[in-house]
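Got your viewer open? Load the model, get the selection tool ready, and let's take a walk through it.

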Amino acid sequence: MHIQKVLNSSVVLVQDDSGEESILLGKGIGYGRKAGEPIERKPSDRVFLPLSNPDAQPMLELFSSIPASYLELTQDIVDDAEQSLGVKLSAHIYLLLTDHLHFAVERQQKGLVVTNRIFWEIKHFYPKEYAVGQRGLQKVKAKLGIELPDEEAGNIAFHIVNARQDPQAGYDAMRAAQLIGELSNIVTYSMHCPVSTESIHYARFVSHLQYFAERFFSGKLMDSEDDFLFQQMQQNYPAAVTCAEKIRTFVLRKYGVFLPNEETAYLALHVARLTSGK
């Protein structure tokens with residue numbers, strides 16, 4: 001490939017032998033480089049995005065208008081997330097998180113306060129991603145000398161959660177966190193059973209709700225014709241099934257989606273495990 005244009009020290013526009021243009025992201029790859037020079041693509045530390053990708057043009061505009069340090073911060077945070085979570089994030093995060101970090105710093109410098117309405121949900125329902133967000137704030141402070149509020153760790157986590165999903169699947173971390181919070185509250189009040197949010201039982205329950213939310217918003221709910229589990233739960237754990245039925249009623253009223261018996265049975269199963277502490 002050959003360099004077509006250097007946008008900044010971390011972003012270059014390249015063209016391969018077939019004439020296809022792409023964006024190449026990587027720390028320092030544009031430093032001291034000039035148009036026309038050959039450049040190698042190294043998957044280990046670079047992001048390669050063809051111009052045919054819907055994110056390409058917005059990326060070009062964004063990276064041309066802000067300091068390279070913001071993209072470098074995003075790359076550091078993404079590296080941390082992929083290593084600590086053991087996942088590969090969508091390239092979409094390089095556009096959204098870079099833009100968010102730049103705007104967050106700008107707001108902080110101007111003294112503008114924007115409240116994250118689901119900060120508690122993100123912090124408690126996605127603790128691993130939130131931890132990456134906290135380390136991201138430390139990186140911002142070290143690189144830019146700007147101390148962002150703790151809520152921004154939640155915003156970083158939000159972008160990471162979204163980037164873990166298929167961008168075409170319709171998954172939204174904010175909606176998912178709200179749904180998880182709503183269902184968790186129904187269980188807490190319906191079962192009259194105080195549960196420690198620090199317990200392994202609660203963590204296991206939230207993990208199930210996360211997968212449920214993923215299936216729910218992507219339209220891939222479990223729906224087997226075999227009602228054996230549902231019937232067994234009705235017989236052995238009637239209180240948990242009653243709670244799960246309340247969840248089914250709530251979801252139908254608010255979201256217009258009827259939960260199949262299979263999903264309801266699994267919800268009841270995890271409610272029973274949560275409240276029994278097993």
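One term before we set off: a residue is buried when its relative accessible area is under 20%, exposed when it is over 50%, and partly exposed in between (1.4 Å probe, protein chains only). What you see is a predicted model, where local features need pLDDT of at least 70 and side-chain atom pairs count only at pLDDT 80 or more, while totals for chains, interfaces and linings use all residues. Residues are numbered from 1 along each chain as its sequence is written, and side-chain values use heavy atoms, with hydrogens and water left out.

**Stop 1: the whole thing**

Zoom out until everything fits. The C-alpha atoms fill a box of roughly 75 × 45 × 30 Å, taken along the principal axes. Switch to cartoon view and you can look for 11 helices and 4 strands. Helices (H or I, at least four residues) and strands (E, at least two) are DSSP runs here, numbered from the N terminus.

How much of the protein is buried? Of its 278 residues, 46% are. Turn on the surface: about 14,400 Å² is exposed, and carbon and sulfur atoms supply 49% of that. Those areas come from the Shrake-Rupley method with a 1.4 Å probe; for residues, only the protein chains shown count as cover.

**Stop 2: the strands**

Select residues 2-8 and 11-15, which are strand 1 and strand 2. These two strands pair in the antiparallel sense over 5 bridges; to count as a pair, two strands need at least two bridges found by DSSP. They form a hairpin with 2 residues between them. Click Asn 8 and look across to Val 11 in strand 2, which stands opposite.

Because 4 of its 5 residues are buried, strand 2 is largely enclosed by the rest of the structure.

Now add strand 3, residues 21-25. Another 5 bridges join strand 2 to strand 3, again antiparallel, and Leu 13 has Ile 23 as its bridge partner. This hairpin has 5 residues between its strands, and Gly 19 in the turn has a positive phi of about 95°.

Finish with strand 4, residues 47-50. Strand 3 and strand 4 run antiparallel and are joined by 4 bridges, with Leu 24 opposite Phe 48. Show the side chains of strand 4. Which residues are on the covered face, and which on the uncovered one? Val 47 and Leu 49 are covered, whereas Phe 48 and Pro 50 are uncovered. In a regular strand, side chains alternate between the two faces of the sheet.

**Stop 3: charged partners**

Side chains of opposite charge can pair when their charged atoms come close. The cut-off for a salt bridge is a side-chain nitrogen of Lys or Arg within 4 Å of a carboxyl oxygen of Asp or Glu. The whole structure has 10 salt bridges.

Start with Arg 33 and Glu 37, whose closest N and O atoms are 2.8 Å apart. Arg 33 is partly exposed at 28%, and Glu 37 is partly exposed too, at 26%.

Next, pick Glu 82 and Lys 88, a salt bridge with its closest N and O atoms 3.9 Å apart. Glu 82 is buried at 17%, while Lys 88 is exposed at 68%.

Then go to Lys 254 and Glu 182, which meet in a salt bridge at 2.3 Å, N to O. Lys 254 sits in helix 10 (residues 238-255) and Glu 182 in helix 7 (residues 173-191), so the pair ties together parts that are 72 residues apart in sequence. Here Lys 254 is partly exposed at 48% and Glu 182 is buried at 18%.

For a trio, select Asp 80, Arg 135 and Lys 139: a network of salt bridges links them.

**Stop 4: two buried residues**

Select Glu 129 in helix 5 (residues 127-144). This residue is buried, at 6% relative accessibility. Leaving aside neighbours within four places in sequence, Glu 129 is in contact (heavy atoms within 4.5 Å) with Leu 85, Ala 157, Ile 160, Val 161 and Arg 164.

Last pick: His 208 in helix 8 (residues 200-218). Is His 208 buried or exposed? Buried, at 9% relative accessibility. Not counting residues up to four places away in sequence, His 208 touches Arg 215, Tyr 266, Leu 267 and His 270. Try the distance tool from His 208 to Asn 162: they are 46 residues apart in sequence and 17 Å apart in space, C-alpha to C-alpha.
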